[in-house]
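Visitor: I have a model open and would like to talk it through with you. Could you take me around, starting with a sheet?

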Amino acid sequence: MTSFQLRTGSPGTRILAFGHYQPSNVVTNDDLAKNVETNDAWIQSRVGIKQRRLAGPDETVVDMAVQAGGKALANSGLSPADIDLVVVATCTQEATIPNASAQVADRLGIVAPGAYDVNAACAGFCYALSNTSDAIRAGSARNVLVVGSEKLSQWVDWTDRSTCIIFADGAGAAVLGPSEETSIGPVVWGSAGDMADKIRVKDRNSFLFQEGQSVFRWTTSQLHAVAKEACERAGITPSDLSAFVPHQANLRIIEAIARKLKAENAVVADDIVEAGNTSAASIPLALSRMIERGDVPSGTPALLIGFGAGMTYAAQVVEIP
Amino acid sequence: MALSDQEILSGLGDIIEEIAGVPAADVTPEKSFVDDLDIDSLSMVEIAVAAQDQFGVEIPDDELKNLKTVKDVVVYVQGKGVSA
């Protein structure tokens, strides 16, 4: 029985900084109501969105990831030479080959890092965060750039009012590094593949489809337990949280999960109001903006929970940088 | 032991107050969810999930859409409830 050498990693990991990018094109509910039968009051009531950002026609998932990643890198104080792994969480690239992360690394001047993409839809960022934190602890990487970047607008049927009011574009990123302390908590992840048909794109010529009511029922009944478990695994209670940042799927879903979680001291992220639902980008985008506005104190715990198509979900507690 | 209609109504009132902010005292049998209580289909899903937790009776989406009044839900839960 052979036993290979192990690399030395670190006891823990931490997030050094966040960054984000939103396309400049702001689309309001009134703008959408010009083309589909809907109205501002209905959208705000059902989904909570007032406006969303849509990428330009030539603006790609990689473009947005480069912007968000570049800001996170600048905010972290590290240089490109310090990064040895780049992971992009996305499910909306124009084409699947090549991946986004190798290009993002190249354009940010990060030389020859490990580079792979994660597709766990709206749970992608939390999955990628967990993987990359573990990689640092195991010694597979030292400092990592993790990005959630999505261009949902190129998968949406703009005549379908059940989807075009919800989905939007953007990117958020985090730089991770080693730490003597554990500032990224253990992940709770899982899936419900029996519900694979609830959010899907049938083939290359199809649009994004969502069975809204089923998704609403699943998210509002199953996920608060996952959120609580993530707190327990980190060794804290929901009352200890200063922020609760769920995937920005729908404001009604966010409110329902928050109500059941009972994190009474936590600011609940509601970035969807201005950003729309940006799938894997939504959590890092929301948290980056909250930090930039000074909504949440540095050094305090935030609970992240991503969930979406698959169905897939992943949650962990992180310390706000 | 089967729940009485009054027990179901009372439980439902608490659920609706928590989810939709409607005072439990206003949740009376003849009230329509949409027209009288201003409760939309998304809140109905949350109410159905909470009712399942509380009464042990599942209300699937295709049945839920037929329950228009508070009494409809009480009758549904009563009908599906298990008695010892």
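Guide: This is a predicted model, and a good place to begin is an open sheet of 5 strands in chain A, which has mixed pairing and runs in the order β8-β14-β13-β11-β12.

Visitor: Which strands stand at the edges of it, each with a single partner strand?

Guide: Those are β8 (188-191) and β12 (267-268) of chain A; each has a single partner strand, so one side of each is left without a neighbour in the sheet.

Visitor: And in what sense do β11 and β13 of chain A pair?

Guide: Strand β11, residues 243-246 of chain A, pairs with strand β13, residues 301-308 of chain A, in the parallel sense, and the pairing extends over 4 bridges. If you want a residue to click on, Pro246(A) stands opposite Ile305(A) in β13(A).

Visitor: Zooming out, how is chain A divided?

Guide: Chain A is divided into domain 1, covering 12-179, and domain 2, covering 188-319. Taken over C-alpha atoms, the centres of these domains are separated by 15 Å.

Visitor: How many residues of each domain are in contact with the other?

Guide: On the domain 1 side of chain A there are 47 residues, in contact with 43 residues of domain 2 of chain A. Elements that each supply at least two residues of the domain 1 side are β1 (12-21), β3 (51-54), α5 (124-138), β6 (144-151) and β7 (169-179) of chain A. By class, that side of domain 1 has 23 nonpolar, 15 polar and 9 charged residues.

Visitor: Let me pick Phe125(A). Is it buried or exposed?

Guide: Phe125(A), which is found in helix α5 of chain A, counts as buried, because 34 C-beta neighbours lie inside 10 Å, and the cut-off for that class is 20 or more.

Visitor: What does Phe125(A) touch, then?

Guide: Not counting residues up to four places away in sequence, Phe125(A) touches Ala89(A), Gly148(A), Ala280(A), Ile283(A), Pro284(A) and Gly306(A). As a further distance to check, the C-alpha atoms of Phe125(A) and Thr278(A) are separated by 11 Å, while the two residues are 153 residues apart along the chain.

Visitor: Changing topic, what can you tell me about the largest nonpolar core?

Guide: That core has 137 residues, and the members touching the most other members are Ala65(A), Cys126(A), Leu303(A) and Ala315(A). The element that gives the most to this core is helix α2 of chain B, residues 41-55, with 9 residues. The core also draws at least three residues from each of domain 1 (12-179) and domain 2 (188-319) of chain A. As general background, nonpolar side chains tend to be buried together in soluble globular proteins.

Visitor: Which residues is Ala65(A) in contact with?

Guide: Leaving aside neighbours within four places in sequence, Ala65(A) is in contact with Val88(A), Ala100(A), Val104(A), Val147(A), Ser149(A) and Ala171(A).

Visitor: You mentioned chain B; how many of its residues are in contact with chain A?

Guide: There are 5 residues of chain B in contact with 9 residues of chain A. On the chain B side, α2(B) has the largest share, with 4 residues, and by class that side divides into 3 nonpolar, no polar and 2 charged.

Visitor: What is the secondary structure of each chain?

Guide: Chain A comes to 9 helices and 14 strands, whereas chain B has 4 helices and 0 strands. For chain B, the radius of gyration is 12 Å, close to the 12 Å that the globule rule gives for 84 residues, so chain B is as compact as a globular protein of that length.

Visitor: What percentage of residues is buried in each chain?

Guide: Of the 321 residues of chain A, 55% count as buried; in chain B, buried residues make up 32% of the 84 residues.

Visitor: One last residue, Val57(B): where is it?

Guide: Val57(B) has its place in the loop between α2 and α3 (61-64) of chain B. Val57(B) is partly exposed, because 18 other C-beta atoms lie within 10 Å, a count under the 20 needed for buried and over the 12 allowed for exposed.

Visitor: What does Val57(B) touch?

Guide: Not counting residues up to four places away in sequence, Val57(B) touches Ala51(B), Gln52(B), Val77(B), Lys80(B) and Gly81(B). Of these, Val77(B) is 20 residues apart from Val57(B) in sequence and 6.2 Å apart in space, C-alpha to C-alpha.

Note on methods:
Residues numbered from 1 in each chain as written. Chains lettered and ligands numbered in written order. Predicted model: local features only at pLDDT ≥ 70, side-chain atom pairs only at ≥ 80, totals over all residues. Core = buried A, V, L, I, M, F, W, Y, C linked by C-beta atoms within 7 Å. Domains from an automatic or database assignment. Contact = placed C-beta atoms within 7 Å. Nonpolar A, V, L, I, M, F, W, Y, C, P; charged D, E, K, R; others polar. Rg over C-alpha atoms; globule rule 2.2 N^0.38 Å. Pairing = 2+ DSSP bridges.
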